[in-house]
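Please read the sequence alongside the structure shown here. The report that follows takes up one helix, then some backbone features, and lastly the protein as a whole.

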Amino acid sequence: MQELKQKYDWKMTQLMKAAKSGTKDGLEKTKIAVMRKVTFLHRKEVPGDGERRRRVKEAEKLPPNPGISRGSLEHCGRGDSEEEDTGFLEVTVSDAKHPPPELGPMPTGLSPQQVVRRHILSSIVQSERSYVESLKRILQDYRNPLMEMEPKVLSARKCQVVFFRLKEILQCHSMFQIALSSRVAEWDSAEKIGDLFVASFSKSMVLDVYSDYVNNFTTAMSLIKKACLTKPAFLDFLKKRQMASTDRVTLYGLMVKPIQRFPQFILLLQDMLKNTPKGHADRLSLQLALTELETLAEKLNEQKRVADQVAEIQQLSKSISDRSSLSKLLNSGQRQLLLCETLTETVYGDRGQLIKSKERKVFLLNDMLVCANINFKGQLEISSLVPLGPKYVVKWSTALPQVQVVEVGQESGAYDKDNVVIHNAGAKKHAPTGPASHNKVYLGPPRLFQELQDLQKDLAVVEQITLLISTLHGTYQNLNMTVAQDWCLALQRMMKVKEEEIHSANKCRLRLLLPGKPDKSGRPISVMVVFITPNPLSKISWVNCLHLAKIGLREENQPGWLCPDEDKKSKAPFWCPILSCHMPAFSSKALDLQLSAAVHNPVQSSLLGFSAVSTSLPQGYFWVGGGQAGAGGQVEIFSLNRSVPRTVKSFPVASPVLCMEYIPEAAEGDTEGTEEPRAGAEQPPATLHPTVCLGLRDGSIAVYSSVDTGTQCLLTCKSPGMQPVLCLKHSSEHLFAGLQDGTVAAYPRNNVGLWDLTEQPTCLPVGTSPVRALLMLDETLWASCANQVTVLDASTLCAQQTFEAHPDTEASVTHMIKAGSGVWMAFSSGSSIRLFHTETLEHLQEINIATRTTFVLPGQRHVRVTSLLICQGLLWVGTDQGIIVLLPVPRLEGIPKITGKGMVSLNGHGGPVDFLAVALSTLAPDVLKGDQEEEEGGEEKTPELDGPPPREMRKKGILLQYRLRSTSHLPGQLLSVRDAPVGTVTPEHTEEDGSIYEMADDPDVWVRSRPCARDAPRKEISSVAIISGGRGYRNFNSEPQRRGGDADSTLLIWQLPLML
């Protein structure tokens, strides 16, 4: 071993001498040679050593750096402990020989874009320098003194745990900083930075050290917290170090920076990419770098989330007796934490008065709901140095299937009122005073309901007064039918305002019906628990997660997906889409209809309640098309404004439907799902309502209006030569149809916004084989013909270029789907899908789907891809075996490379997956607000604009004014206890208008909660469902393929958690 080390040192010396006298090229070669000498390092064999050697070899591939002088590389013995024996090459960089990168003065003559890129590079350099300094501070100001301190306040072993992997992280970034220096020096001539990020952060070594650090972070913080509580000397050491620093950043503030580093890099690279024009040498590298960093950040975030979940469950289990059944359940390792949050439990009396409120920690596990009291213990001075987690005392726990969310308007079907007695949780048990006391549940703000009832009674009285006023013989200025009718309208408006207040108060109230112990007569007792959520989005999230967690407990979802890795630790609990339901695609059982196409027509429903959004499928209508070979076609339309789709219309068409295209109202942009309700009513008449275009086998193209406008056939025409229409796509100017004979027909818009189907379209020949797929990409149209793809200008309709998508001429392109800066393609033969760059058309990746499907159907090697879809970072692949494969892809502007082995669905079809479609609706909380909510604020201030009220009046009066601002213009004399000055006009809003309704200033929780939507900035809520169509339904996990009636065309619907 000693001889090997001497030989290694001698070679290093020779290399360094060569580097000193060599050129820059020689220095780079020297660096590569030096890094390859990693194999000279020997250490004891441990389990998994082969894997570690693979990672070390990957570490050799570093980006080109300037020369590394003598002493720059140093191998240190790490001891025999498991924590230290890591096998990583330790690099110590001398600041004197390798100073941090510095950007020189800006040259003249730069374009504005180059100036911006230079500023972004400067931000990268400064942030990296600051980050490296923070890492050095942790080691120099905290780790090293604690290791050297006598007597020790923290043992060496605990120090290793607290500062685990920090030295390796510093090494990674020290090497990156050296490489960054060379790029900064060459910036004004080369302007390249993307490949440096790819080379530096794409290696598994970086993921390993950061993963270890992130997974250990919770343990490290827990150890620091315990040491602060038990060792005053350690607490004093932390305080002194913090006070000695110029920025007063705590140890926790420094140690959290590695967790935040990659999101910072991503933001900087996104800015750089936005300011890098197409065709720039750095553009593809930046996109690849963004992909690598996003993948790394996603994995680290997921590992941190799983580590935090485990810590929360452990903290919860500590508060329970080891002998309890709940403790055994929590410690079984089978429980996953889906959601936990601090909510305020409120208890109300029979008259709606608030009895008490207290904060609780509520845990939603995959099969149970747990509520715990929060007990914060610890000194304030410690909590300022390191976050102190609370201790929990479990109050109750309930199996998830027994938990019901009860909303206003839904209470009738929530439980059996005849057999269930409801008690308010936490309220004193009062003996029933009569039969009417049973089942009296205050599901909404009780005071507001009482006020609404009072308004209804007052309206009845005012209507009687109106009848009496109609019998008056005299004419009076402020007592006549006009004023009386105005009172009625004002009361009706106030009732609407009150309903909006109730609706708004419910936005932050989570009402749960839980099972209790039966009463003496044996009748079941249900307990109503009311929680106040921090904001409306939190309420929506809770209802949605409870809904999906219950669906997740169904047999078909236990399990619903198979992970080839079996890496259960890194899989998120809600990462897998949940099979919500499966149902026949066509209501007609008499015809044997084959599925072919589907589209989602998003429509906002103003009738849909606030919480119904949490449990329903994405709002709108789902159109399904198909037909029978040699016969006619059929279109089925489903409403998705509920948890299970419902057929709302079905109609036949002349020929089988081959394709569909949804065209939103704002045709110039892809704004599907973003239009507000009734937006079309305020648009110019030329702007069309949303339409759905159908392409038929007989060459017909039919344009239908949406369901809300009667599903009328607005236009129809025949394609040139009556060629079957295989695919449809639209731009702001044209409707494109891919035809059987290898041409693309382009139909322009006419002067009223519809497609001009009467004139002959522009025919664009792209080949002799059928045009099976079209894709709109920015200002271009991609059209596939056989194994080639032609790129056309969508405005001028001129062909730009053609490229080969597959080497086999028999493999026709059947599907094209865009994500980020890439396009994934599927083919008519073979089991591979291929990725192409949208700008350079370069082939970037090829994935064989057959290797995934063999986990479900062993031996099935001949697999063909029949459908493709990308949604929310997941590439869905449907096959001719009925199997659906899910592959993770990046979500940002980078290259959508497959970054993992993915998953295979255990729910599929008995035959080929005919289509995969996404139903997506996006709505902001404003959509869920009533139209009056903004006005309410102004209306409540109206009394303050009145003349000064008498001081003895402590209550504000609400004027019963709907349209009228004054009665002075009405005929007749003024009825008033005071004489009106002669010759003056009565001012608006004075006492004679009457204030016959009063509302007390009530500072209770209902009033405070009403504007709770203002707490957070306006955010969008995205509801997503994935729908597949094919023959029959098959569960690959439990049973063979079903036969008989299940051979009919079937829809499978998966739901994803709401994106808040």
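## The two sides of helix α10

In this predicted model, the exposed residues Pro232, Lys240, Met243 and Ala244 are carried on the face of α10 that is turned away from its buried side. The buried residues of α10 are Phe234, Leu235, Phe237, Leu238 and Gln242. Because these buried residues cover an arc of only 155 degrees around the axis, they lie on the same side of α10. In general, an α-helix has 3.6 residues a turn, so residues three or four places apart point the same way.

The length of α10 can be checked against its residue count: for the 13 residues of this helix, 232-244, a rise of 1.5 Å a residue leads to an expected span of 18 Å, and the end C-alpha atoms are indeed 18 Å apart, so the two values agree.

## Cis peptide bonds

A cis peptide bond joins glutamate 150 to proline 151, with omega at about -10 degrees, and proline 151 belongs to the loop that runs between α4 (112-148) and α5 (156-162).

Glutamine 558 and proline 559 are likewise joined by a cis peptide bond, for which omega is about -10 degrees. Here proline 559 is placed in the loop between α18 (536-552) and β9 (561-562).

## Positive phi outside glycine

Arginine 165, a residue other than glycine, has a positive phi, near 75 degrees, and is situated in the loop between α5 and α6 (166-185). Is arginine 165 buried or exposed? With a relative accessible area of 9%, which falls under the 20% cut-off, arginine 165 counts as buried.

Methionine 722 also has a positive phi without being a glycine, in this case near 50 degrees. The loop that holds methionine 722 lies between β18 (713-718) and β19 (725-730).

## The protein as a whole

The secondary structure of the protein consists of 23 helices and 41 strands. Of its 1060 residues, 51% are buried, while the accessible surface amounts to about 49600 Å², with 52% of that surface belonging to carbon and sulfur atoms.

How many of the contacts between residues at least 6 apart in sequence join residues at least 24 apart? In this protein the share is 68%, taken over the contacts that meet the separation of at least 6.

Conventions
Residues are numbered from 1 along each chain as its sequence is written. This is a predicted model: local features need pLDDT of at least 70, side-chain atom pairs count only at pLDDT 80 or more; totals for chains, interfaces and linings use all residues. Side-chain values use heavy atoms; hydrogens and water are left out. Helices (H or I, at least four residues) and strands (E, at least two) are DSSP runs, numbered from the N terminus. Buried means under 20% relative accessible area, exposed over 50%, partly exposed in between (1.4 Å probe, protein chains only). Contact means heavy atoms within 4.5 Å. Accessible areas come from the Shrake-Rupley method with a 1.4 Å probe; for residues, only the protein chains shown count as cover. The expected span of a helix is 1.5 Å times one less than its number of residues. The arc is that of the directions from the helix axis to the C-beta atoms.
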